[in-house]
Structure formats: structure tokens, C-alpha cells
Amino acid sequence: MEIKKVGVVGCGTMGAGITQVVAMSGYQVVTSEINDELLKKGLNSINAQLTKSVEKGKLSQADKDATMARIKGTTTTKDFGDCDLVIEAAVELMDLKKKIFADLDKSAPKHAILASNTSSLSVMDMATATSRLDKMLGIHFFNPVPVMKLVELIRTIATSDETFETGRRFAESVGKTVVVAKDAPGFIVNRLMVPQVLHAVRLLESGIASREDIDTAIQLGLNHPMGPLTLIDLVGLDVVYFIAQAMYEETKDPQYIIPNLMHKMFAARWLGRKTGKGFYDYK
Ligand code: CAA
């Protein structure tokens, strides 16, 4: 099947990044948010990213304008009526995702593939909200989407070969390298990354080292681009929180237990860059 038009549900950090990358690759994109204010915020963030690229001389003004012109913002799922693929990028809450997929099953054309950008939840569980189990898969991007080269492709027991191969061609067509994982909690990357960042929080909590030294140790000792506490601030403490919660519920593996400090920061909305404060200050 040929993908021409792509829908993206959610224009937060991940949804906006996905919208940007997909539109830059030449696809028409419909991107939705729950209200006009969030939609405007998401579209403005895409515009600002593209403006930076123009200022750096990495993108022509004409290409920026053409990219923005390929993006249509909406607050109604009716506008997904002519999409060939719709990617859901909402918060990591199963009930919410199931509701979105039940709506998409009605509004997207019968031939359309439905995908979730979930970081940790079962794609099969989401698929049960639809009447097209064979046309569901996971297409998991990484933050910041325009920079990170990886996509995890998640195949459920019901995903058809055609859906899977179309998903793979699509991910490659937007410039990503594909790795394949079964529909198991955290797939590959989060299965390895989440325990590490939670351990970093426990190290801080127990007073073994300062936040700066934990981050510097991992950055310089393991050559990671950023330390684990800075990474939580980038991804969003709430995002890591929901992923860890879901992974613990699914596996009951104690390495996914959320440390106390994270519960407190979550309650205080110290969520990282997006709220101006996390492990570090961003004001
Ligand atoms: N959006 C778009 N582009 C961005 C960006 C953003 N949010 N942040 C940085 N960039 C771009 C910059 O514009 C710059 O582009 P150019 O080279 O074209 O100028 C480039 O990235 C490098 O940025 P900087 O020079 O400002 O900073 P840096 O070299 O420290 O890189 C970083 C920043 C790319 C974020 C890098 O620190 C990094 O790779 N960090 C690790 C990110 C990571 O691990 N992400 C995965 C998180 S886990 C996840 O996403 C999965 C999940 O399910 C939660």
C-alpha cells in the first residue's frame, strides 16, 4: 500500500516532532490536538524549529514554507477521513489510547493503518478497541524526533505482513533506521533505558553523588550525549513516570519501581524542561 497522507494524534513534544519529520519528508499531514490552544502551541513549536534550521542555513525558506503548507491542524478526528496512516502520540494512558483508537477506527478509511507511538504499552491491547487488528502496529520514535535516527517497529501477533512492511517502508522514508521488537513492555530501548535512569534517581536520593556528578559520570564515563537526570528532564519526568508505572504493572519487576523522589517531583509538577524545573532549573 502507498502512504500519501498521514494523520498524527497529539501535537505535544512527540506529536509535533513526528508531524515535522513526516511533513519534511514530503507527506501531507493532518495533526490533531484536543483544543485550539494546544494545537497552536504545537504548530508554533514546529514553525520555531524550522525557523532555526533556516537561520542555520540547513533549510531553505522555500522548503520551510512548503513543509508548513503540507501540515493541516485540526481538533476533530473527522479530518482523518482521507489518511492512509494515522499515528497516535498521546499520553501513556491505556484507557485514553483505547478511546482514541476506537474513534480512529470510525473516522479513518477502512484501508488505513493505525499506529501507536507508545513507549511501553501493549499495542495489541489498543488494537482491541478497533475492528482492524491486522492493520495495527507500533511505530515508536525518539525524542527529539527530528534528531534521533531510530524507530522501533512493534509487531503484534495480529499485525499482517503487509501492514508491517508498509510501516517499515514508511519509517525508512522519513529517514529513520528501523529495529523490530515484539509487543512486550518497553520494547528494546525503554527496557534498557528506564531501569538505568530510575537507578540514577535512586543514587541521587540516597546521597551517593550529586546530580551534576551522576550526569557527568555517565556522560564522560560512558560517552552518552547527556546524563540520565538531564535526559529525564528532556523527555519529561511525567513521561518516564508513566512508562515506569506501566512497565511495573505489566512485569512486576522491581527495577521499574518508581523512586520516592520521582513521586514527589511528579506531584510538584517538576517535570523537566517543559515546566521550567526538573532535576535542574530551566527558567
Ligand atoms: N528538536 C529538534 N532539534 C533539536 C532539538 C529538539 N528538541 N534539540 C536539539 N536539536 C538539534 C539542534 O538544533 C542541533 O542541530 P544542528 O546540528 O543541525 O545544529 C542538534 O540537535 C544538536 O543540538 P545541540 O548542539 O543543541 O546539543 P547537543 O549536541 O547536546 O544535542 C541532543 C542535543 C540531540 C538532545 C543530544 O544531547 C542527545 O542526543 N541526547 C540524548 C537524547 C536521547 O537519548 N533521546 C532518547 C530519549 S528516550 C525516548 O525518547 C524514548 C521514550 O520512549 C521516552
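How are α2 and α3 oriented to each other? In this predicted model, the axes of helix α2 (residues 36–55) and helix α3 (residues 61–69) come within 9 Å and cross at roughly 165°. Angles over 145 degrees count as roughly antiparallel, so α2 and α3 are roughly antiparallel to each other. The crossing of α2 past α3 is right-handed. On the α2 side, the contact uses Leu 43, Ile 46, Asn 47, Leu 50, Thr 51 and Val 54, and on the α3 side it uses Gln 61, Lys 64, Thr 67 and Met 68. Sorted by class, this contact between α2 and α3 is a mix of five nonpolar, four polar and one charged residues.

Next comes the ligand. It is surrounded by 19 residues, and the closest of these are Lys 56, Lys 58, His 140, Asn 143 and Asn 190. Some of the polar contacts can be spelled out atom by atom. The side chain of Lys 56 puts an N or O atom 2.8 Å from an oxygen atom of the ligand. Asn 143 takes part through its backbone, with an N or O atom 2.8 Å from a nitrogen atom of the ligand. Gln 49 contributes through its side chain, where an N or O atom is 3.5 Å from a ligand nitrogen atom.

Asn 143 turns up again in the backbone geometry. The peptide bond that runs from Asn 143 to Pro 144 is cis, and its omega is near 0°. Pro 144 itself sits in the loop that links β6 (136–140) and β7 (150–155). A second backbone feature is found at Phe 187, a residue other than glycine whose phi is positive, near 50°. Phe 187 belongs to the loop between β8 (177–182) and α7 (189–205). Both features are worth flagging because most residues other than glycine have a negative phi, and most peptide bonds are trans.

The remaining helix pairs both involve α11. Helix α10 (residues 237–251) packs on helix α11 (residues 260–267) at an angle of about 130°, and their axes are 10 Å apart. That angle makes the two helices, α10 and α11, oblique to each other. Here α10 passes α11 in a left-handed crossing. From α10 come Leu 237, Asp 238, Val 240, Tyr 241 and Phe 242, which meet Met 262, His 263, Met 265 and Phe 266 of α11. The class count for the contact of α10 with α11 is seven nonpolar, one polar and one charged residues.

The other partner of α11 is α7, with the axes 8 Å apart and an angle of about 95° between them. Angles of 65 to 115 degrees count as roughly perpendicular, which means that α7 and α11 are roughly perpendicular to each other. In this contact, α7 supplies Leu 198, Val 201, Leu 204 and Glu 205, while α11 supplies Asn 260, Leu 261 and Met 262. By class, the contact of α7 with α11 comes to five nonpolar, one polar and one charged residues. Met 262 of α11 is thus listed in the contact with α10 and also in the contact with α7.

Note on methods:
Residues numbered from 1 in each chain as written. Predicted model: local features only at pLDDT ≥ 70, side-chain atom pairs only at ≥ 80, totals over all residues. Heavy atoms only, no water. Axes fitted to C-alpha atoms, helices over the stretch in contact; angles between N-to-C directions. Helix = DSSP H or I, 4+ residues; strand = E, 2+ residues; numbered from the N terminus. Parallel < 35°, antiparallel > 145°, perpendicular 65-115°, else oblique. Left-handed = near helix turned anticlockwise from the far one by under 90°. Contact = heavy atoms within 4.5 Å. Nonpolar A, V, L, I, M, F, W, Y, C, P; charged D, E, K, R; others polar. Near = heavy atom within 4 Å. Polar contact = N/O pair within 3.5 Å; in protein donor to acceptor, adjacent residues only side chain to side chain.
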